[in-house]
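Here are my comments on the model you sent, set out point by point. Please read them with the structure open beside you.

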Amino acid sequence: MDIICVNDYEEMSEKAASIVVEHIKQLSKPTLGLATGSTPEGLYKSLIQKYQQNQISFKDVTTFNLDEYTGLSKDDPNSYHYYMSHRFFDHIDINPSHIHIPNGKASDFGQECIKYDEYIRKNKIDIQILGIGENGHIGFNEPGTPFASRTHVVELAESTIQANSRYFKNIEEVPTKAITMGIETIMESNMILLLVSGEKKAEAMERLLNDNVSEDFPASILQRHGNVKVIADKKALAKVKDLTRVLC
Ligand code: PGA
């Protein structure tokens, strides 16, 4: 696991965008795994800028999002479909048929999960963008999720519902379930780019580096992946005492 230290959110986003662009340019048919939430918003802004400056095209890029709430339609402003269209896809030259996000309104969630996972197996994700939850979740894989999990429906942890309620009118509106790529699905990505910013993530960052690998802290599995880059800002690294592994 390479840990790259940056000053702040802007620098984290810029650095992540440069890594993504560099990789896309090297691949004939790149496949990106994408995340939502506050963390990758700056990355998407920076990628849009690079597209506008003709530094990169997304014509041949295929994408798979990590997760989607169940019960929200694609045009619900709180759905991750809506988030991705408004914050990224509507502003770049990606082919809409190359975009994949779990369908939160599927009539059969079991089938939806199997289908989604099969697409990912066939396409193999080159770079998976990840954030980390304060409780160590990756995607919506909450503590206790088996490391061998594939794409599945999850019951969201109370702390996740609480954290995500900032986007909704009130906490009752936050869906309690979601479809998420499983931990094993995520771990099959060739490279994982984990972005960590802000003091709220400082404890999770410390645990990521120092906890034993355990299903109680899902992100700990990343220690076993051979190609993980963590870009963390100074606030996120504030609780890490031993910085010898950190590239500053
Ligand atoms: P955030 O969420 O980027 O909104 O902090 C990250 C996550 O919960 O995985």
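The points below go from the chain as a whole to its cysteines and then to one histidine.

1. Please keep in mind throughout that this is a predicted model, so that every value given here is computed from predicted coordinates.

2. On overall dimensions, the chain has a radius of gyration of 17 Å, which agrees with the value near 18 Å that a compact globule of 248 residues would have. Along the principal axes, the C-alpha atoms fill a box of roughly 50 × 45 × 35 Å.

3. The secondary structure consists of seven helices and eleven strands. Among contacts in the chain with a separation of 6 or more, 80% join residues that lie 24 or more positions apart.

4. As for the surface, about 11,400 Å² of the chain is exposed, and carbon and sulfur atoms supply 46% of that area, while 54% of the 248 residues count as buried.

5. The structure holds zero disulfides. Cys 5 counts as buried because its relative accessibility, 13%, is under the 20% cut-off, and Cys 113, with a relative accessible area of 5%, is buried because that value is also under 20%.

6. Cys 113 also appears among the residues that His 152 touches, when those up to four places away in sequence are not counted; the others are Asn 141, Thr 145, Ala 178, Ile 179, Thr 180, Met 181 and Gly 182. His 152 itself is found in strand 7, which covers residues 152-155, and a polar atom of its side chain lies 2.7 Å from the backbone oxygen of Arg 150.

Terms used
Residues numbered from 1 in each chain as written. Predicted model: local features only at pLDDT ≥ 70, side-chain atom pairs only at ≥ 80, totals over all residues. Heavy atoms only, no water. Helix = DSSP H or I, 4+ residues; strand = E, 2+ residues; numbered from the N terminus. Polar contact = N/O pair within 3.5 Å; in protein donor to acceptor, adjacent residues only side chain to side chain. Contact = heavy atoms within 4.5 Å. Disulfide = S-S within 2.5 Å. Buried < 20%, exposed > 50% of the residue type's maximum accessible area, 1.4 Å probe, protein only. Rg over C-alpha atoms; globule rule 2.2 N^0.38 Å. Areas by Shrake-Rupley, 256 points an atom, 1.4 Å probe, with all protein chains shown as cover.
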